[in-house]
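Visitor: Please give me a close look at a single part of this model, residue by residue, with its surroundings.

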Amino acid sequence: MPLGEFGRIERYLKPLAAGFPGALGLTDDAAVFGIPAGQELVVTTDALVAGVHFLADDPPADIAAKMLRVNLSDLAAMAAEPLAYSLVTSLPAGLDDAWLEAFAAQLAEDQREYGIHLMGGDSVSTPGPVTLSVTAFGLVPAGRALRRGGADPGDLVFVSGTIGDAVLGLAVLQGNLTAADPRPLIDRYRRPRPRLSLVPVLRRFATAGLDVSDGLVADLGHLCEVSGRAAVIHADRVPLSAATRTVVAADATLLATALTGGDDYEIVLTVKPEDRDALLATGADVTEIGRLVPGGEPGSVTVLNAAGQPLPLPSRGWTHF
């Protein structure tokens, strides 16, 4: 017999809350916890809908990983350490217990890796697609949260990791792209890697930052808009994985797709020029790709090709509406 709502909570979700005393064993109406002295709470919420943020037939473990990690990416971008999260699962009634078992097992694995615990939430049925929502909580020293509005003209633009893998992985899964080895691309789409290891570096060097969810160009534009600045970046400096370089070498138009496609969940940050060498000396996985420039329309991002000419872009990035 199916476990039902409370049986599922008892078997699959309650163990995920065992490491967070404030969850109260998921036996009460809400969680209770205090904020350590000298710390501030950072809160982020993301919803994921089947057919919009992930494919309906993606494995449940991959869906769980993406769901939690995109929220962890938001915490990292604010220079916050993970604390706990609440979870709302809206699942079709026909989804069997095996789906939730695999989903919860992956959450347990990611909780161990990233040092976070479930603190509560809700479990409901829906006649529509699988819909998931996480509210994640993190801690940052008081006054040290990294925001989008602190950049100045002359600040250098850096980005972590590599850009473009996820959007190309989605194209492969949708049958719109053929790659010699699609596995790295698909893995980046299904399982982003929150850059929590960069938190100490961000606190030390970054003047502004955010995570790249809507596309590098669009998200850098968001940073520039809040800071009241404009930016110029160089397409040939943007870090690409070997898999993406191979795809772009076969079709140069896909470079623009990589720069604007989204789902990278890397960190784009700005740094004072005088801090450049010290930042690079840390060995952090970041690459300098441009700078903020005086004048220009606030929020504008100019992308230059290898010849120093503006690179035509089909769009700035992903938008829901």
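Guide: What follows is a walk along two neighbouring positions of one strand, with a short look at a helix afterwards. This is a predicted model, where local features need pLDDT of at least 70 and side-chain atom pairs pLDDT 80 or more, while totals for chains, interfaces and linings use all residues. Residues are numbered from 1 along each chain as its sequence is written, and side-chain values use heavy atoms, leaving out hydrogens and water.

Let's start at Thr207, which sits in strand E6, residues 206–211 (strands are DSSP runs of at least two residues, helices H or I runs of at least four, numbered from the N terminus). With a relative accessible area of 18%, Thr207 is buried (under 20%; exposed is over 50%, partly exposed in between, using a 1.4 Å probe and protein chains only).

The side chain of Thr207 has two polar partners to look at. One polar contact, at 2.9 Å, links it to the side chain of Asp155; another, at 2.6 Å, links it to the side chain of Thr270 (N or O atoms within 3.5 Å, one able to donate a hydrogen and the other to accept it; residues adjacent in sequence count only if both atoms are side-chain atoms). Both partners reappear in the contact list of Thr207, which leaves out residues up to four places away in sequence: Leu146, Arg147, Gly150, Ala151, Asp155, Thr270, Val271 and Lys272 (contact means heavy atoms within 4.5 Å).

Now step along to Ala208, also placed in strand E6. Here the relative accessibility is 0%, so Ala208 counts as buried. With residues up to four places away again set aside, Ala208 touches Leu146, Arg147, Arg148, Gly149, Gly150 and Ala151, then Leu223 and Ser227, and finally Val268, Leu269 and Thr270. Thr270 is thus a residue that Ala208 touches and that Thr207 touches too. As a landmark further off, the C-alpha atom of Ala208 lies 18 Å from that of Val43, a residue 165 places away along the chain.

For another buried surface, turn to helix H8, residues 242–250, where Ala243, Thr244, Val247 and Val248 are buried. Viewed down the H8 axis, these residues fall within an arc of 130°, so they line one face of the helix (the arc is that of the directions from the helix axis to the C-beta atoms). Ala242, Ala249 and Ala250 are exposed on the face turned away from that buried side. The cover over the buried residues of H8 includes helices H4 (165–173), H5 (183–190) and H9 (254–260).
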